[in-house]
Amino acid sequence: MKERKIIAAALIMMSIAGTALAQQPGLTGQTKNFISTGMPIMLIAPDAVSGAMGDVGAATRPDAFSAHWNNAKLAFVDNSLSVGTTYTPWLRNLKVYDMNLLYLGGYKSINSRSTVAASITYFSLGEIQRTDATGQQDGVMNPNEFAVDATYAMKLNDELSLGATGRFMNSDLTNGQMVSDGSGYVSTKAAHSLAADLGLYWQHAIDNRQELAIGAMISNIGAKLSYSDDDTKKEFPPTNFRIGGRYSTAIDESNEVSLMLDLNKLLVPTPPVTVGDETYGKYYRNMTEYYNTGVVKGALQSFYDAPGGFGEELREVQVSVGGEYWYKQTLAARVGYFFEHDTKGGRQYATVGFGLRYNVLQFDLAYLIPTTSFSSNPLSNTIRISLTFNLKNKRTNSNI
């Protein structure tokens, strides 16, 4: 219970207070300058397939979870109807047992060239005991976040497709409680936002055994999130740019291997760094200017506004690599690695997993292994499970 209170309080303060900065003497290549957003849960892998391959997903084979990774892939799905769900335990490494992430999504092919999809993401922080200013118990709150979205994907030709998603996001981390922001107590509220995703996907058959795919998506393009009545400190949405590729080859009739690489970058401005009395930032002399930056302007400046220059911009790119092996399209083994620079969060971990497909049912499992002495990842040493139901056979080329 005590650990849960500490972690929950930290999550709340991150979202309410805004950008977290860890400062070191002088502005050097090792100055920690983390980028925080509202609802970072929208950046977490919702499935055990990509979750077992280092969180790659821009160009992996399309499935019921593709709306999160690259909605344009849905135009190339094999089955005409599919539903998938995932259960992800949260902070199990700290023995917290009532926090979890749930995802439910699915798609339906309209015809041979277009597909519609929908999904819901729900994150629960469990029950948290409230206390008043004197430390006395003051009831229980149930912080949570959720997002609901709808997607449409369409082939432009036999190798290229586009996807678009509309999303409603809700983040209620405090249940309206008064929360300290470091200088006093402020009233809080649930934050809401409307957002959109835009995706592009290309796949090409090199021959009858080899396939190459490239995908890209900008996700969570939307309005800022406000957690209090102080609208001068709205949080940026977790707008993200993902680009990646896949190479697949059938070794023979029974064995197939795929290799994947993804690059991710938050389209959120880099906050200035304050060292002593000096503020280092190309476009922001202080945090007030940072908070006043618009979403579109911030997304554009995110490519060149880092206080540390081009070197810091490169450190903001996250790298994911993954590999997948299928035996007779029935049994899969997966492995991957995710890297984030120490100065930008330091999440570095290996992933492993397997999949089993039988008739209409597919079962997938993923396990995350931190590779640094200190890992801030809440999924460290955690097993997550996905179930997918492919309810109809492969679609035909009919436009009906």
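The legends below accompany close-up views of a predicted model.

**Figure 1. Overview of the chain.** The chain comprises five helices and 20 strands. Of its 400 residues, 49% count as buried. Among contacts between residues at least 6 apart in sequence, 61% join residues at least 24 apart. The exposed area of the chain is about 18,100 Å², of which carbon and sulfur atoms supply 60%.

**Figure 2. A network of salt bridges around lysine 344.** The structure holds 13 salt bridges. Lys265, Glu312, Glu313, Glu316 and Lys344 are linked in a network of such bridges. Within this network, glutamate 312 pairs with lysine 344, their closest N and O atoms being 2.7 Å apart. Glutamate 312 belongs to helix α5 and lysine 344 to the loop between β17 (331-339) and β18 (348-358), so the pair ties together parts that are 32 residues apart in sequence. Glutamate 312 counts as buried, at 4% relative accessibility, and lysine 344 is likewise buried, at 9%. A salt bridge also joins the side chains of glutamate 316 and lysine 344, with an N to O distance of 3.2 Å. Because glutamate 316 lies in the loop between α5 and β16 and lysine 344 in the loop between β17 and β18, this pair ties together parts that are 28 residues apart in sequence. Both glutamate 316 and lysine 344 are buried.

**Figure 3. The salt bridge between aspartate 364 and arginine 334.** The side chains of these two residues meet at 2.8 Å, N to O. The pair links distant parts of the chain, with aspartate 364 in strand β19 and arginine 334 in strand β17, 30 residues apart. Aspartate 364 is buried, with a relative accessible area of 0%; arginine 334 is also buried, with a value of 4%.

**Figure 4. Surroundings of serine 302.** Serine 302 is found in the loop between α4 (295-301) and α5 (310-315). Its relative accessibility is 0%, so serine 302 counts as buried. Leaving aside residues up to four places away in sequence, serine 302 touches Lys265, Leu266, Leu267, Val268, Pro269, Glu313 and Glu316. Among these contacts, Lys265, Glu313 and Glu316 belong to the network of salt bridges shown in Figure 2.

**Figure 5. Aspartate 229 in an exposed position.** The loop between β11 (210-222) and β12 (240-250) contains aspartate 229. With a relative accessible area of 58%, aspartate 229 is exposed. Beyond residues up to four places away in sequence, aspartate 229 touches Ser187 and Lys189. Lysine 189 is 40 residues away from aspartate 229 in sequence, and their C-alpha atoms are 7.7 Å apart in space.

**Figure 6. A nonpolar patch on the surface.** The patch is formed by Val83, Leu104, Ile120, Val148, Val360, Leu361, Ile383, Ile385, Leu387, Phe389 and Leu391, which together have about 800 Å² of accessible area. Strand β20 (residues 383-390) gives the most to the patch, with four residues. Isoleucine 385 is located in this strand and is partly exposed, with a relative accessible area of 35%.

**Figure 7. The second largest pocket and the largest cavity.** The second largest pocket has a volume of about 660 Å³. Of the 29 residues that line this pocket, Arg61, Pro62, Asp78, Gln329 and Arg357 are the closest to its centre. Strands β10 (191-205), β13 (255-266), β16 (318-327), β19 (361-370) and β20 each supply at least two residues of the lining. The largest cavity has a volume of about 130 Å³. Its lining consists of Leu43, Asp55, Trp69, Asn240, Arg242, Asn264, Gln318, Phe338 and Arg347.

How values were computed:
Residues are numbered from 1 along each chain as its sequence is written. This is a predicted model: local features need pLDDT of at least 70, side-chain atom pairs count only at pLDDT 80 or more; totals for chains, interfaces and linings use all residues. Side-chain values use heavy atoms; hydrogens and water are left out. Buried means under 20% relative accessible area, exposed over 50%, partly exposed in between (1.4 Å probe, protein chains only). Contact means heavy atoms within 4.5 Å. Patches are made of residues with over 30% relative accessible area and no salt bridge: like charges are joined within 9 Å, nonpolar side chains (Val, Leu, Ile, Met, Phe, Trp, Tyr) within 5 Å. Accessible areas come from the Shrake-Rupley method with a 1.4 Å probe; for residues, only the protein chains shown count as cover. A salt bridge is a side-chain nitrogen of Lys or Arg within 4 Å of a carboxyl oxygen of Asp or Glu. On a 1 Å grid over the protein atoms alone, a cavity is a set of points where a 1.4 Å probe fits but cannot get out, and a pocket is an open set with protein on both sides within 12 Å along at least five of seven lines; lining residues have an atom within 4 Å of a point. Grid points are joined across faces, edges and corners, and a volume is the space filled by probe spheres set on the points.
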